[in-house]
Amino acid sequence: DRKIRLADYRPPAWMIEQVRLDFDLAPRATRVRARIAFRRNSQAEGARPDLRLDGRRLTFVGASIDGAPLDQQALSFDAEGLTVPAAALPGDSFTWECETEIDPETNTELEGLYLSRNMFCTQCEAEGFRKITYYPDRPDVMAPFTVRIEAAAADYPVLLSNGNPGATGGLPGGRHFAEWHDPHPKPAYLFALVAGELVAHEDRFTTASGREVELRVWVRPGDEDKCAYAMDALKRSMRWDETAYGREYDLDVFQIVAVDDFNMGAMENKGLNIFNSKYVLASPETATDADYERIESIVAHEYFHNWTGNRITCRDWFQLCLKEGLTVFRDQCFTGDERSEPVKRIDDVKLLRARQFREDQGPLAHPVRPEEYIEINNFYTATVYEKGAEVIRMLRTLVGEDGYRKALDLYFERHDGEACTIEQFRQCFEDATGRDLSDFARWWSQAGTPRLSMSEDWDGGTYTLTLRQQTPPTPGQDSKAPLVIPVATGLIGPDGAELVPTRVLELREAEQAFRFEGLPARPVASVLRGFSAPVTLERQLDDATRAFLLAHDIDPFNRWQAGRDYAVAIALRLIAGGTIPNAWAEALGRLLADDSLDPAFRALALELPGEDEMAGEVVTRGGLADPDAIHEALRAMRAHLGGALGEALATLRARMAVTGPYSPDAGAAGRRALANRCLALMLAADTPEAHRAAEAQFDAADNMTDRIAALAVLVHADAPGATPRLDAFLKAWEHDPLVLDKWLTVQATAPLKDAAARVEALTGHSAFEWKNPNRFRALIGSFAVGNAVGFHAADGAGYRLVADWLLRLDPVNPQTTARVAGCFETWRRYEPGRQALMRAELERIAAAPALSRNTREIVERILG
Ligand code: HT7
Ligand code: ZN
């Protein structure tokens, strides 16, 4: 397969003035007529170039230029598209018309135009549009679109596309049509079409300048009572973008459609966002607090793309972080503002470490802006998204809030309607703030997680903090240069009071010393406050200092981090044959009882590191991970806390009970999170009272958060109360696939010896429609990444099960297969026995003769 390289980028030879598309929808044979006004790109010099159009799996019906039919022999076709030779082009501007036929019903890849439960829908990012018609399918070709959709009125009463609505009407033979016009030039990846039986949850929004916008959330009949939260989140997002960034919406309508078969979370198509139904539909009985929060943040993310992604898009797919990193950063800030900033920061860092650090430390490591790829769909990664967002956050830290806002204002003003690069974005920061950011730019080009180490010196009045940075080699990048690292640091006095408030130290060299003078006593440093840079901080601390920071740091992130470091240190000691000090549970007990602390924060502070995180910690210290030892250490720690804090946990759980009707707001969700954390620890101590409490909670719950939390602790403990409740759950929700996904996941993540066999049995259950990505991820995906005991079973049954299913899904849906295959990326972290078993499965997958380009690229890179 061909490698695509950033260095090979060339501007498009032909630009587009105007696109007109006519769709005649039919499941097995949809006709697409495209009328495209091309104009030669003035930037491209030399003789008139050929017209190259991308196209995949299209049946060519006919084409003309300026109305003159083209002889098919005049075109050269290949598997990736067609070329019209320059000699067949009449001049520097002309109109290309082409008719193609496509087969949405057999399109199981869920890319291009496909059918999801009898609903036509599209997914065009990154390169799906070429499966609809021949087109220069690249983001730097932008055009206004007019679309006419024709279909059978009874089967497809609702016909939607991007932009504002135009004419509609009936047609002979029970057919009807609708037209849509999107005046904003856009790349083809933002094109969308939906047709089906849908109902709208409607509302309105008045923008800051008085524009009236009609809002619609489209769902299947029967789901209309589950859209209110998504709509509310949309309105709050629209207001937030006006307030925080001065960005208004720019069409008469904004629509969201919920689709059941979808490869990712959602898609920001201009004016017509398409969502995985999992991230739209919510009711207290069916969705958890975490689901509500996720819906809110995804609705916001896709809406924010309207400016960061759509109005200003990417020049090429190497610049993906330009829209994704920036938009993730924007949605993180939105959630922080709407809920709790510290809790959101901790959640985001947990995710960053779990996904991005893992990626950065393994064979799939790549820069935030990659320099080459085989399959672009494989580069929608945690590095591009989450580390991309961290880079924007660091920029804001370095230039300050005002500088950041000025730079973004300039970016919107200078580049509206353009397809941009990271360099153009950076230039806006330099021009708006006067700062030279050339060294900082390494964050976009250099892969790997920097390791930050520190040493301290105290001379009786001056405290010197020496920081060192070093980034380990990553595939294709053996040597690394120092990065500009903002290290937010505060100093705490021996009494716990803040001695020196937070200051951003700019580490630019491999080693640098920072002096703090005139101090009355030796301070305890709180380093990397708010997790001011995506680095690993290596710091030797004793338990007493960890407990001190856990008790006193005014920075909530570092307070949480101190607790996390404490737990990691104890787990490592246990793995090495040590014991659990009583001081640990005492320190957590004090934190637990501190009602001045947000319950959501306390819930996070009571959580132990995950097994995958511990494997990473073992490897960072030069060892190889033994999944059994890690599991046993964490189990013992939970049981210890459950025993030592038993009464306090039960009391706190009772105090956190939320009364009144369910509300997904952050306050109520935080109380439930803390109560359920207490319940999980109580169950870890395995007392009859704890079992009774979990059973009673399941039986009496009026919301999914409490019900599924109780079910999970029972199932994961293989408790006698689990089976009847699993059965009751199944019976109650057998009509709702999104809820059954939870039923599958709860079982798939149970850390039991025979987990692989249990999951294998579940693959035969009617709830497991394996071709649906949500179902596949709920069972196979969550087993692979959420069940270390099952996946890493010493006999290899877990690895085998996952590999079998990847091989089965690959010909049907390569994108989802490649994504789930990432579960094998950590194979080199494990002890030799596990390594050999994982490697054998990877080799078995790689040997499959017709493996997709997506999965082949991932598996071969993992094997190295
Ligand atoms: N920009 C989108 C990324 C995306 C995608 C979404 C759904 C299905 C397939 C997809 N391929 C790429 C989503 C986002 O980041 O907002
Ligand atoms: Zn995005």
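**Entry 1. Terms and the annotated spans.** Throughout these notes, I count as helices (H or I, at least four residues) and strands (E, at least two) the runs that DSSP gives, numbered from the N terminus. I record that the model is predicted. I first looked up residues 22-190, which the unreviewed UniProt entry annotates as "domain: Aminopeptidase N-like N-terminal". I found this span to be 0% helix and 52% strand, with its end C-alpha atoms 17 Å apart.

I then took residues 229-444, listed by UniProt (unreviewed entry) as "domain: Peptidase M1 membrane alanine aminopeptidase". Here I noted 56% helix and 9% strand, and 36 Å between the end C-alpha atoms.

The last annotated span I looked up was 544-863, where the unreviewed UniProt entry places "domain: Peptidase M1 alanyl aminopeptidase C-terminal". I found 71% helix and 0% strand in residues 544-863, whose end C-alpha atoms lie 43 Å apart.

**Entry 2. Domain assignment.** I next asked which residues the assignment gives to each domain. Domain 1 takes 1-108 + 124-195, and domain 2 takes 313-445. Domain 3 covers 451-533, while domain 4 is made up of 584-592 + 605-658 + 686-863.

I looked up domain 2 and domain 4 as a pair and found their centres, taken over C-alpha atoms, to be separated by 30 Å. Domain 2 gives 13 residues to the contact and domain 4 gives 15 residues. On the side of domain 2 that touches domain 4, I noted five nonpolar, four polar and four charged residues.

**Entry 3. The open sheet.** In what order do the strands of the open sheet of eight strands lie? I read the order as β6-β5-β9-β3-β2-β12-β15-β14, with mixed pairing. The edge strands are β6 (68-69) and β14 (164-171), each of which pairs on one side only. As background, I note that strands of a sheet pair through backbone hydrogen bonds, either parallel or antiparallel.

I followed part of this order strand by strand. Strand β5 (residues 59-65) pairs with β9 over six bridges in the antiparallel sense, and S64 stands opposite E97 in β9. Strand β9 (residues 93-102) is in turn joined to β3 by ten bridges, and these two run antiparallel. At T30, I found I102 of β9 standing opposite.

Strand β3 (residues 30-40) and strand β2 (residues 14-24) also run antiparallel and are joined by ten bridges. In this pair, M15 stands opposite R39 in β3. I noted that β2 and β3 form a hairpin, with five residues between them.

**Entry 4. L21.** I singled out L21, which is found in strand β2. Is L21 buried or exposed? I count L21 as buried because it has 21 C-beta neighbours inside 10 Å, and the cut-off for a buried residue is 20 or more. Not counting residues up to four places away in sequence, L21 touches V32, A34, F145 and V147. For a long-range distance, I took L21 and D686, which are 665 residues apart along the chain; their C-alpha atoms are separated by 64 Å.

**Entry 5. Backbone particulars beside β5.** I looked up two residues with positive phi, neither of them glycine. R57 is found in the loop between β4 (51-54) and β5, and its phi is near 50°. R57 counts as partly exposed because it has 14 C-beta neighbours inside 10 Å. D66 is found in the loop between β5 and β6. Its phi is positive, at about 50°, although D66 is not a glycine. I record D66 as exposed because 12 other C-beta atoms lie within 10 Å; the cut-off for an exposed residue is 12 or fewer.

**Entry 6. Ligand 1 and the cis bond.** Which residues come nearest to ligand 1? Of the 13 residues around ligand 1, I found that Q123, E125, N263, M264 and M267 come nearest. The elements giving two or more residues to this shell are β20 (266-267) and α2 (289-304). By class, I sorted the shell around ligand 1 into five nonpolar, four polar and four charged residues.

E125 called for a further note: a cis peptide bond joins E125 and A126, with omega about 0°. I located A126 in the loop between β11 (119-123) and β12 (143-152).

Methods. Residues are numbered from 1 along each chain as its sequence is written. Chains are lettered from A and ligands numbered from 1 in the order in which they are written. This is a predicted model: local features need pLDDT of at least 70, side-chain atom pairs count only at pLDDT 80 or more; totals for chains, interfaces and linings use all residues. Domain bounds come from an automatic or database domain assignment. Two residues are in contact if their C-beta atoms, placed from the backbone, lie within 7 Å. Ala, Val, Leu, Ile, Met, Phe, Trp, Tyr, Cys and Pro count as nonpolar, Asp, Glu, Lys and Arg as charged, and the others, Gly among them, as polar. A residue is near a molecule or strand if its C-beta atom, placed from the backbone, lies within 6 Å of it. Two strands pair if DSSP finds at least two bridges between them. UniProt positions are given in the numbering used here, feature names are shortened, and annotations may be inferred rather than shown by experiment.
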